[in-house]
Amino acid sequence: MTNPPPPDAGSWSVDVVVVGAGFAGLAAARELTRLGHDVVVLEGRERVGGRSFTGSVAGLPADMGSTFVGPTQDAVLALAAELQIPTTPTHHHGRSIIQWRGWARPYHGTIPKLSLAGLIDIGRLRWQFERIARGIPLADPWNARRARELDAQSLGDWLRSVRASASSRDLLAIVSRVSWGCEPDEVSMLHAARYVRAAGGLDRMLDVENGAQQDRFPGGTQQIADAVAAELGPRIVLEAPVRRIERNGAGVAVTCDRGRAEAGFVIVAVPPAHRASIEFTPPLPEEYDELARHWPQGRLSKAYAAYSTPFWRADGFSGQALSDEGPVFITFDVSPQADGPGILMGFVDARAFDSLPADQRRREALRCFASLFGSDALKPLDYVDHRWGTEEFAPGGPTAAVPPRSWTRSGPYLRRPVGPIHWAGTETADEWTGFLDGAIRSGRRAAAEVTALL
């Protein structure tokens, strides 16, 4: 067996074609290559990394997509350690800020204590929600005891059914926006509960210390993808969006904008919604078309502002904040640990932001930062934002915003192979679904499936 020819050759004959050079596709290709199989990775973008993309602000790395990592995310932490890519703690010392109903106040911990009644209500909802989540089997949630009931309602429906207070509903709307890039009324309650269980619970998913935001990669997450791509070398073909996958007696023929690849198997490592852009011959069973139609991507944007110093720390603030005003609704301090500029990162509600011109987006984001941390936030050294929903190729993120009735209708086909076609992507993972860690796990799972058949 020989390695694939260089990208300009336009023809490949390999054991496995991998569609997509995000973390799932790269993990699959790396594992297959280590086992001695020939692989070619076809990627539509001009870069690797998928929904991990590291840009810059004030000359420093700034993750426009996936950013954080935490305990039990063993797959991504082990890969980073193997590639000698270090992590650094996310700054969280000091008081956080919540801007709520027209006023701002400091708080400590993950959930702000808006009032005694609000604290009791949030505690009640968390107990009920996590009790439901513990009863959902991760591998086949459609077989949960109350699967159809839970999948028939949205998270918003469930909150209303248990008489959540307006403040509790609004707080959980922030969780919904940052987790799935959608509103509570747009995501299935079954999906929300399974997603939280796959992350190890609400505390693990939402916390900084001992949670999913505990650490980050100072050089950005895309350096992990770049390091894996350097190992794979000419096996990766960029600017090669796949147009057609044909099943035949010998396996598959995959046609992309850079040529054609023939292989025994293909691993499609793209979000379910984006599978619809590929023509499958013969057509996939109807259930797979329904899956692509009913597993949409969310929409979430990010904004960064850099300052000469992290001035908020001098006032005892951590840089973490929540806001019910928007468009910036949650912030983090991602400043370098050594002396240097202060950097605020904000998650932004795409609905009221993405259609604005660049100068207005900047004004709106800085206004939000200033309403939380004072007028000094209006004068940054640099500013940058990224709108995943407006990407020309494979738009949307951070992950799938799965609407009601989708899991019980289409869930069984999320990763079930169709002959030589196998599926990967963070949406197909049973642990840390929607995160970098889930993407890596899914790629390794798909590689194991194919290896068993090879």
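Below are exercises with worked solutions on a predicted model.

Residues are numbered from 1 along each chain as its sequence is written. Local features need pLDDT of at least 70 and side-chain atom pairs count only at pLDDT 80 or more, while totals for chains, interfaces and linings use all residues, and side-chain values use heavy atoms, with hydrogens and water left out.

**Exercise 1. State the strand order of the open three-stranded sheet and find its edge strands.**

Step 1. Strands (E, at least two residues) and helices (H or I, at least four) are DSSP runs, numbered from the N terminus. Two strands pair if DSSP finds at least two bridges between them.

Step 2. The order is β6-β10-β7, and the pairing is antiparallel.

Step 3. β6 (68–69) and β7 (88–89) are the edge strands, since each pairs on one side only.

Step 4. Two bridges connect β7 with β10 (residues 215–216) in the antiparallel sense. Within this sheet, proline 89 stands opposite aspartate 215 of β10.

**Exercise 2. Find what lines the largest cavity.**

Step 1. A cavity is a set of points, on a 1 Å grid over the protein atoms alone, where a 1.4 Å probe fits but cannot get out; lining residues have an atom within 4 Å of a point. Grid points are joined across faces, edges and corners, and the volume is the space filled by probe spheres set on the points.

Step 2. There are five cavities of 30 Å³ or more, and the largest holds about 110 Å³.

Step 3. Its lining consists of Leu125, Arg126, Phe129, Leu155, Trp158, Leu172, Val175, Trp180, Val196 and Leu202.

Step 4. At least two lining residues come from each of α3, α5 (155–161) and α6 (166–180). Helix α3 spans residues 116–134.

**Exercise 3. Locate two cis peptide bonds that precede a proline.**

Step 1. Threonine 281 and proline 282 are joined by a cis bond with omega of about -10°. Proline 282 sits in the loop between β16 (279–281) and α10 (286–293).

Step 2. Glycine 397 and proline 398 are likewise joined by a cis bond, with omega of about 15°. The loop between β21 (382–387) and α13 (406–410) holds proline 398.

**Exercise 4. For the salt bridges of aspartate 324 and arginine 160, name the partners and place them in the chain.**

Step 1. Side chains of opposite charge can pair when their charged atoms come close. A salt bridge is a side-chain nitrogen of Lys or Arg within 4 Å of a carboxyl oxygen of Asp or Glu; the count here is 31.

Step 2. Aspartate 324 pairs with arginine 101, and their closest N and O atoms are 3.2 Å apart. Aspartate 324 is in the loop between β18 (317–323) and β19 (328–333), and arginine 101 in the loop between β8 (95–100) and β9 (103–107), so distant parts of the chain, 223 residues apart, are linked.

Step 3. Buried means under 20% relative accessible area, exposed over 50%, and partly exposed in between (1.4 Å probe, protein chains only). Aspartate 324, at 29%, is partly exposed, and so is arginine 101, at 41%.

Step 4. Arginine 160 pairs with aspartate 185, with 2.8 Å between the closest N and O atoms. Because arginine 160 lies in α5 and aspartate 185 in the loop between α6 and α7 (189–198), the bridge ties together parts 25 residues apart in sequence. Arginine 160 is partly exposed at 44%; aspartate 185 is partly exposed at 44%.

Methods: On a 1 Å grid over the protein atoms alone, a cavity is a set of points where a 1.4 Å probe fits but cannot get out, and a pocket is an open set with protein on both sides within 12 Å along at least five of seven lines; lining residues have an atom within 4 Å of a point.
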